[in-house]
Amino acid sequence: MNSNRLFSRRLFNALLPFLAVLAAFAVGAVILLLQGVNPLEAYQAMIVGAFGSKNGLADTLVKSIPLMLVGLGIAIAFRGGVINIGAEGQMIVGALLTTFVGVQLGEQFPGMLGIGIGLIAGMVMGGIWGAIPGFLKAQLGVNEILSTIMMNQIAIQIGYYLLRGVMIDPAEVAAGTNIPHSARLPKVIDMPRFTDMAQWLGFDQSAKDLGLQGYLGEVYGVLVEPSRLHSGFIFAVVMAVLVYIFLWRTTIGYRIRAVGLNPHASRYAGMNVKRTMVLSMTLSGAFAGLAGAVEILGLHHRMFEPTAVSAGYGFSGIVAALFGKLHPLGIIPSSILFGGLLVGGDKMQRAMQIPQVLIVAVLGLVVLFVVSTDYFVRKRSTRRVSVDSDEKPTDTTPTEPNPAEAQA
Amino acid sequence: MNEDLTTAAILLGIIHSGIRLATPYLYAAIGETFSQRSGVLNLGVDGIMLMGAFFGFYTVFQTHNPWLGLLAAGLVGAVMALILCVVSITYQAEQGISGIGLYMFGLGMSSLLFKTMLGTVEGVKGFSELRFCFGDSFCLADVPVLGDIFFSHSLVTYGAFALVPLAWWILNRTTWGLKIRAVGQNPEAADSLGVSVNRVRYASVTVGGVLAGLAGASLSISLLNIYQENMTNGMGFIAVALVYFGSWKPGGVLLGALLFSTVNALQLWVQVLNLNIPSDVAVMLPYLLTILALALPFRRALQPAALTKPFARGEN
């Protein structure tokens, strides 16, 4: 009987985020109706655009990369009881240092070594940008929500300052146009694209050669034929697995989650709560910085307008993390879904003349619905605890996504 | 001699635009003060401001009546705030995240509506700046120095400053203010005395939403008289920070808003005068200042004790 109830509770918890997304799309449909657009057609254009073809699928996966990395960082912070709204800024400073290091050193360290250096540079810089608000919170009680938002603006301005100054592309200065973007990073440290990797592995036939038809052909095409999809995707998935191992199989990870769930109990248990909070923020920033680094090394290959590089991923990454129930492995499919939403919004704009910004509104609604449905999860779990309190809490179910209490 | 005059004129200009630019911050931050004093952190102010800015602008664009614009902005602000109330109060969501959701919704919606309903940047004739003229020749606005500082703003700006003592009076001298402070400080005690905690919080957050809507409209139909996508550019988040800065007191918020807007104005002049500070660094200053101000040690003790803590009867 107990296991039966446990199963239904888990099923209910697992379904809630989907209900939340459905609800968000229902509201989106009303907005579309008010605009005089058939929502079914619009959503169809969106889904087909994002997942229906080789190009759409490749773009979806490309966009899922920064979402995944930012989402992992967000999950670490939220699990640790701190709220990081600063992923935008952390991404920007990460991208800046990666670009700087890449342009300076790229030729000397071609290949994996150079890419590794670039990734570490972004990670370190993002980590520093996350550590500052973490430290301010731990030592001086500065609300980290507010400080991370301020740090975003500071990062944007630093970006413009550097891109107009020391980091500007010499070609722009020579041409007199002075557009604030950096030089292109040396090609030798481009993260390999999927098509490059397929070549190395000996897959050089196209889908047509192999006689693959329909959707299978499209999927094969994503993996083998030239597209923007790059190895950052594999990197991000590996990172998700590593974060899972870190949070659930190491002492430090346990400590982060313990502090997030109950800082007071953790303190009585002898944990250094302040230091753990700083660590959570640092790691969170490091992953956002890594997202910036991967965007530069894998996709853009140069730094330009800071807000165009971060592109709102700092916020949409929060949505991906929440929908993935703050579980590293859940964030993988969740990022692909929301990557598809971003791409689909673009396709919908072209097909139906619905401005893409609708997606931002829908993402906001997803957040509102997801955090609202947490209420039902909490309600049910407290009821359960009072009924059969002898049952051990299972630590793998992420049923308490928002443990952060006592801000500031 | 001549140089002194220019310096004086610039100084005056900075003060004048400092007062002007304080308008949206004041509306939004005073509104947020009500919300936070009742124990609810509304992080979606920026999204509400954008919606208020759009609806205010659109109404004036259609009706040519700035007062109707203000009304529309206030109404849409109230609706947005009620959405947050349901999520943050009734469903007890994590307030640091629900506000971000509301912000994204407001940002997306206002841009969507702008693109589908207007499409291009157009100007409207909103509230004009008063000159306080008596008879045909004498205007207070022409009085040297004082005129520039005190007598050459729009009604919307005067309204923002009038809001400060009004908010103080409501919070500290009325029963309703007492209830707001009680549910923000000790909701269990307030509840046991028969105060409906959640009803007071709903009301406070809604008042905050109306004022945030007006804050947005103050930009689009008074200060700038145009609408642009994402035109607040994060002002709403600054407003939230100003409440912390001002120690949850209207007077403190006024001080913070003036300081912030003056530094902002200063930064405009740095660019105008080609001073030897890169403009990017100057733009950064207010944000750095805010972080530093938040780090001042005495502030924490003044925070409403139940801020960000949802209330559920019988759970504590």
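**Exercise 1. Find the residue just after α14(A) and describe its phi. Then describe the helix before it.**

Step 1. In this predicted model, A:His301 comes just after α14(A). Its phi is positive, about 60 degrees.

Step 2. Now take the helix. α14 of chain A runs over residues 273-300 and has 28 residues. From first C-alpha to last it reaches 39 Å. The expected value at 1.5 Å a residue is 40 Å, so the two are close.

Step 3. Check burial. In α14(A), 24 of the 28 residues are buried, so the helix is largely enclosed by the rest of the structure.

**Exercise 2. Are A:Asn178 and A:Leu326 buried or exposed? Give the phi and location of each.**

Step 1. Start with A:Asn178. Phi is near 55 degrees, a positive value in a residue other than glycine. A:Asn178 sits in the loop between α7 (170-175) and α8 (194-200) of chain A.

Step 2. Count neighbours. A:Asn178 has 11 C-beta neighbours inside 10 Å. The cut-off for exposed is 12 or fewer, so A:Asn178 is exposed.

Step 3. Turn to A:Leu326. Phi is near 55 degrees, and this too is a positive value in a residue other than glycine. A:Leu326 belongs to the loop between α16 (313-323) and α17 (328-352) of chain A.

Step 4. Count again. A:Leu326 has 24 C-beta neighbours inside 10 Å. The cut-off for buried is 20 or more, so A:Leu326 is buried.

**Exercise 3. Describe α6 of chain A and place A:Asn152 in its surroundings.**

Step 1. α6(A) covers residues 144-164, 21 in number. The helix reaches 30 Å from first C-alpha to last, close to the 30 Å expected.

Step 2. α6(A) is mostly covered, with 17 of its 21 residues buried.

Step 3. A:Asn152 is found in this helix. A:Asn152 counts as buried because 27 C-beta neighbours lie inside 10 Å.

Step 4. List the contacts. Leaving out residues up to four places away in sequence, A:Asn152 touches A:Gly86, A:Glu88 and A:Gly89.

Step 5. Look further along the chain. A:Gly314 is 162 residues away from A:Asn152, yet their C-alpha atoms are 9.6 Å apart.

**Exercise 4. At what angle do α11 and α12 of chain A pack, and which residues meet?**

Step 1. Two packed helices are described by the angle between their axes and the distance between the axes.

Step 2. Here α11 (232-249) and α12 (251-261) of chain A pack at about 75 degrees, with axes 5 Å apart. The angle therefore makes α11(A) roughly perpendicular to α12(A).

Step 3. From α11(A) come A:Phe246, A:Leu247, A:Trp248 and A:Arg249. They meet A:Gly253, A:Ile256 and A:Arg257 of α12(A).

Step 4. Sort by class: four nonpolar, one polar and two charged residues.

**Exercise 5. Which two domains make up the division of chain A, and how do they touch?**

Step 1. Domain 1 is 1-37 + 354-393, and domain 2 is 63-193 + 228-350. Their centres, taken over C-alpha atoms, are 27 Å apart.

Step 2. Eleven residues of domain 1 contact twelve of domain 2. On the domain 1 side, α1 (2-34) and α18 (358-387) each supply at least two residues. α18(A) gives the most, with six.

Step 3. The domain 1 side has ten nonpolar residues, one polar and no charged.

**Exercise 6. How many residues of chain B contact chain A, and which helix gives the largest share?**

Step 1. 43 residues of chain B are in contact with 38 of chain A.

Step 2. On the chain B side, α4(B) supplies the largest share, 16 residues.

Step 3. By class, this side has 28 nonpolar, eleven polar and four charged residues.

How values were computed: Residues numbered from 1 in each chain as written. Chains lettered and ligands numbered in written order. Predicted model: local features only at pLDDT ≥ 70, side-chain atom pairs only at ≥ 80, totals over all residues. Helix = DSSP H or I, 4+ residues; strand = E, 2+ residues; numbered from the N terminus. Contact = placed C-beta atoms within 7 Å. Nonpolar A, V, L, I, M, F, W, Y, C, P; charged D, E, K, R; others polar. Domains from an automatic or database assignment. Axes fitted to C-alpha atoms, helices over the stretch in contact; angles between N-to-C directions. Parallel < 35°, antiparallel > 145°, perpendicular 65-115°, else oblique.
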